[in-house]
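Welcome! Below is a set of short exercises, each with a worked solution. Please keep the sequence and the 3D view open while you read.

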Amino acid sequence: MLPVSVSTLEPNADSKPLITAQTLLTRLSTSLRLALSYCRPWTDFIDRAAFAKPASFSDATSRLRKNFSYFRANYLTILTAVLAFSLITHPFSLIILLSLIAAWLFLYALRPSELPLVIWGRTYSDIEKLAILVVLTVVVIFFTSVGSLLISGIMMGIAIVCAHGAFRMSEDLFLDEQEPFGLGLFSFVSAAANAAAPVIVSRV
């Protein structure tokens, strides 16, 4: 008989990030479906009969404010779609951004604290990993094409939103009740932050 030792720590260490990742993805998926459910009917959004040139700049800003309050989730959906299209049409930048997100998830947020990161024989603490990832994020955003691509995509989306909001007549739009500002895709962003923040804060 040969002595065999079975470690019960390694399966737990391997299963913990998988469970955390599954929980995170579930929360994000649920929040995304909930956020999209707040979109107004797209037939109302693109109704050609409801478009007209604003009489003045104040009229355009008034329309924009009311349209944004009514079509908030639709506008944020379009902004997200424009950003996604910008990244898809630039695969190199998309790969860099996905690699950065994967680094944050698998090297820090979803990595068990009892499983140290060892590179070339050196063990890195959580603070060191956080500092490296922050520096890497700054480099990727400000010194590669990712930052300019994100900014241009956001600006293009804002231009589309402003054009629609200024030319779409708002006289036929009525809000049944005052909706909290966190509805729509803002709730998805908030849920994503709430899902990731406890994991990250607990590591600091």
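**Exercise 1: Two salt bridges**

K129 and D126 sit 3 residues apart, about one helical turn, and both belong to helix 6. The model is a predicted one, in which local features need pLDDT of at least 70 and side-chain atom pairs count only at pLDDT 80 or more, while totals for chains, interfaces and linings use all residues. Residues are numbered from 1 along each chain as its sequence is written, and side-chain values use heavy atoms, with hydrogens and water left out.

Task: Work out how many salt bridges a search of the whole structure finds, and which residues form them.

Solution.
- Step 1. Begin with the rule: a salt bridge is a side-chain nitrogen of Lys or Arg within 4 Å of a carboxyl oxygen of Asp or Glu.
- Step 2. Apply the rule to K129 and D126: their closest N and O atoms are 3.3 Å apart, and they form a salt bridge.
- Step 3. Check the cover: K129 and D126 are both buried. Here buried means under 20% relative accessible area, exposed means over 50%, and partly exposed lies in between (1.4 Å probe, protein chains only).
- Step 4. Turn to D59 and R63, whose side chains meet in a salt bridge with an N to O distance of 3.6 Å. These two are 4 residues apart in helix 3 (residues 57-70), so about one helical turn separates them.
- Step 5. Compare the cover of the partners: D59 is partly exposed at 22% relative accessible area, whereas R63 is buried at 5%.
- Result: the search of the whole structure finds 2 salt bridges.

**Exercise 2: The order of the elements**

Task: List the helices and strands of the protein from the N terminus on.

Solution.
- Step 1. Know what is counted: helices (H or I, at least four residues) and strands (E, at least two) are DSSP runs, numbered from the N terminus.
- Step 2. Count them: the protein has 8 helices and 2 strands.
- Step 3. Put them in order: the elements run α-α-α-α-α-β-β-α-α-α.

**Exercise 3: The nonpolar cores**

Task: Find the residues of the largest nonpolar core, and the helix that gives the most to it.

Solution.
- Step 1. Use the rule: a nonpolar core is a set of buried Ala, Val, Leu, Ile, Met, Phe, Trp, Tyr and Cys residues joined through side-chain atoms within 4.5 Å.
- Step 2. Collect the members: the largest core has 8 residues, namely F45, Y70, F71, Y75, I78, V82, V161 and L173.
- Step 3. Look for the main contributor: helix 4 (residues 72-88) gives the most to this core, with 3 residues.
- Step 4. Look for another core: a second, separate one has 7 residues, including I96, L97, L100 and V140.
- Step 5. Zoom in on L173: beyond residues up to four places away in sequence, L173 touches K66, N67, Y70, F71 and R168 (contact means heavy atoms within 4.5 Å).
- Step 6. Visit I160, which lies in helix 7 (residues 145-167). I160 is partly exposed, with 37% relative accessible area. Leaving aside neighbours within four places in sequence, I160 is in contact with I78 and V82.

**Exercise 4: Cysteines**

Task: Count the disulfides, and decide whether C39 is buried or exposed.

Solution.
- Step 1. A disulfide is a covalent bond between the sulfur atoms of two cysteines. The test used here is a pair of cysteine sulfur atoms within 2.5 Å.
- Step 2. By this rule the count is 0 disulfides.
- Step 3. Locate C39 in the loop between helix 1 (9-36) and helix 2 (42-45). C39 counts as buried, at 19% relative accessibility.
- Step 4. Look around C39: apart from neighbours within four places in sequence, its contacts are A73, N74 and T77. The C-alpha atoms of C39 and T77 are separated by 8.3 Å, though the two residues are 38 residues apart along the chain.
- Step 5. Take C162 too: C162 counts as partly exposed, at 36% relative accessibility.
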